[in-house]
Amino acid sequence: MGAITIKQFGGIIPRTSRRLIPEQAAQIAVNCRLSDGELVPFKQPKSVYNSDKQGPLLSIYRAYENGNYAWMTWPYDVDVVKAPLYGKARWCFTGDGEPRIAALSDITSGGGNNYPAVAYTLGTPRPVTAPAVSSSGGSGAVVDRYYVYTFVASWDGIEFEGGSSPISTVVSGRVDGTWSITGMDATPPNSGSATGVYASGETEFTTSDNHWLRVGEQVVIAGNTLTVTAVSAANKFKVQGNYASATTWERKAPFPGTITKRLYRTTGSTGQFQLVAENITGTSYTDTLMDDAIPGDELISSDWDMPPVGLKGLFILPSGALAGFDGNKLRFSEPYQPHAWPDSYGLVCDYPIVSAAHFGVGIAIGTESTPYIVTGVVPGQMSMERWSEVYPCLSKRSMVSLGNAALYASNAGLISISQAGVNVWTLPFFTKYEFEAYAPETMISVVSENRLYVHYNNGQQQCLIFNLLGDTPYLTAAHFEADDLYVDDVSGGLYFSSESKVYQFDPSDGYAMDQDWMSREIVLPKPANIGAARVNFDLAIDPVQQAAIEAERAAAVAYNTPLLASGNLYGAWNARGYGRAARWNGSVLMSVPDAPPANEVTFQLYTESYSGEMPLRFARTVTDNRPFNLPSGYKTNSIAVRVISQCRIKSIELGGTKSDLATTG
């Protein structure tokens, strides 16, 4: 018989039978990078961070500024974006109490690997009391005026202005008269005194001043972080539990910077509110300025609200606006004003939103039922279309943007939403029934270096990897346990969390993973005996280096064995005199280096049986590129080969005899 040569190694197509998949495709392709057609294993993940927080860590993010960085981690679902603020590095996040914002110095304040250490409430509240206005004196023309005021948080060169107060009643007076504005609200506090009454499992606090708290925000009372469960009045709020003995409260996330007021009035015939004064700290102000003397900046924040307490799924749009969702409402901030979220910008879906993401010039929304497509650029001028087919989004963290489309996990497969519409993106790879076996409700998706990574946990934690280069994506898989996937904003590299640690996937350094690749079922022209094979591969490590590492490992094991048998590793405090131990508060055991990669390939041959199955016929550990014999005494209609190795594999050759292999290229 002639020779069979496998030179191109492709991915898997689970929906297609093993003998009908394309020539280069595979039945198994695990831990294979497949970047150049040859079999190249991914590198073993590298530990880069160990959080002090108890895992599993469901959210990880690396905040980076001017060469400094900090890993933020949470044991619950949190979304983080870098705020679109000119010249200022700030990070906004939702899912950890009310929406919050922090600088890198805040995130790392206090030390310890439990970041973010400090964060602030994102947004500035609007006043609730209209100003009282009176006018006296003057001799000029009589005019009618209205007044409003706003709160402004000034924080390290950033100003977050909130929505305007209710409008004052109209007051007539002389243009050159004295206008007295009184009754303005005091600026919102970050803490205060309170009296608590416990009843029916909750404590209701009456505060000395207006507290400006909302249901769902977090407060610290008696050293405990609690969630506000009810707000019955401007000076009353409730929390669960008995805290009646407490006399003070404070925000878990305070308002940033210093809050003052800006005062606006209608001027002349324009009917627009224009700035009169700013940096007002009290509750009253005397206005004696003529129209041509006021600063005159127009009020633009009249409808700016704080982001909803329950905002989720934070992401950023090309317009500089932030977006997220709350219940069944998609919400937007003002462009480049991450603290300002006008309620009028919201778009309401018929079903609760599970996840959302930006693509091209649109937004994809996955709900508990049908998907939606939002088109437009500027918040307040966007339109929404409901798709007719029911593709429920089963996992919030499965939503990911591919640039020109967004994907999310449904029971039918990964659903693509783009300007072209909605379709089942994974249909070339999976039927609906096959995809459901991958537990789509557990999926987490990210894109890194032209690959889509979709991690799932159906009892066997694994990651589907779709290579996005070329016209047709191909699919492989990788074995690693992950609680979250994250693509770094700066490097573009892929990281994942497992329990309380963060790992880098496929780092540039380190040893290779064990890759596992199995060919399609190769149907022979007629029954034959495959009697010889050859695997062409590169060594995974220099043999001299491999031997040195193995010698170091053997020496460490030999040194440690008697110490382990003695049971005294001097690991306890005061077990030895101060300064006499080899390591601070450690043991005297010698560190054992990781095992080096093996310069070998496990080769397996499978042949068709009468039942139609393909049992293992032969297995061998291959240590060089020379041909080797396969079993004789049988004939088969079809074969498949499988290779497991840490080495780069260039080709696999099969033939009736060794002489057949000599004709292959």
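The lining of the largest cavity splits into four nonpolar, two polar and two charged residues; here Ala, Val, Leu, Ile, Met, Phe, Trp, Tyr, Cys and Pro count as nonpolar, Asp, Glu, Lys and Arg as charged, and the others, Gly among them, as polar. The residues in question are Cys32, Arg33, Phe42, Arg451, Ile465, Asn467, Tyr474 and Thr476. Strand S39 (461-467) and strand S40 (474-478) each provide at least two of the lining residues. Helices (H or I, at least four residues) and strands (E, at least two) are DSSP runs, numbered from the N terminus. The space in the largest cavity comes to about 40 Å³, and the structure has one cavity of 30 Å³ or more.

A word on the basis of these values. The model is predicted, so local features need pLDDT of at least 70 and side-chain atom pairs count only at pLDDT 80 or more, while totals for chains, interfaces and linings use all residues. Residues are numbered from 1 along each chain as its sequence is written, and side-chain values use heavy atoms, with hydrogens and water left out. On a 1 Å grid over the protein atoms alone, a cavity is a set of points where a 1.4 Å probe fits but cannot get out, whereas a pocket is an open set with protein on both sides within 12 Å along at least five of seven lines; lining residues have an atom within 4 Å of a point. Grid points are joined across faces, edges and corners, and a volume is the space filled by probe spheres set on the points.

Turning to the pockets, the largest has a volume of about 1000 Å³. It is lined by 32 residues, of which Asp79, Val80, Leu314, Met399 and Val446 are the closest to its centre. Several strands give two or more residues to this lining, among them strand S4 (59-65), strand S6 (79-82), strand S25 (312-316) and strand S37 (444-448). By class, the lining of the largest pocket has 19 nonpolar, six polar and seven charged residues. The second largest pocket holds about 340 Å³ of space. Of its 19 lining residues, Gly10, Gly11, Gln24, Ala25 and Tyr474 are the closest to the centre, and the lining divides into eleven nonpolar, six polar and two charged. Tyr474 also helps to line the largest cavity.

Next comes a pair of strand residues. Ser418 belongs to strand S35 (residues 413-418) and Ala405 to strand S34 (residues 405-410). Ser418 counts as buried because its relative accessibility is 12%, buried meaning under 20% relative accessible area (1.4 Å probe, protein chains only). Ala405, at 7%, is buried too. Leaving out neighbours up to four places away in sequence, Ser418 is in contact (heavy atoms within 4.5 Å) with Phe359, Ile373, Asn404 and Ala405. On the same terms, Ala405 touches Phe359, Val400, Ser416, Ile417 and Ser418.

Finally, helix H3 (residues 543-566) has 24 residues and should span 34 Å at 1.5 Å a residue (the count being one less than its number of residues); its end C-alpha atoms lie 35 Å apart, so the two agree. There is a kink of about 30° at Asn560, shortly before the proline Pro562, the bend being the angle between axes fitted to the seven residues ending there and the seven starting there. Asn560 is buried, as are Gln546, Ile549, Ala556 and Leu563. Just after H3, Gly567 adopts a positive phi of about 80°.

Conventions: Buried means under 20% relative accessible area, exposed over 50%, partly exposed in between (1.4 Å probe, protein chains only).
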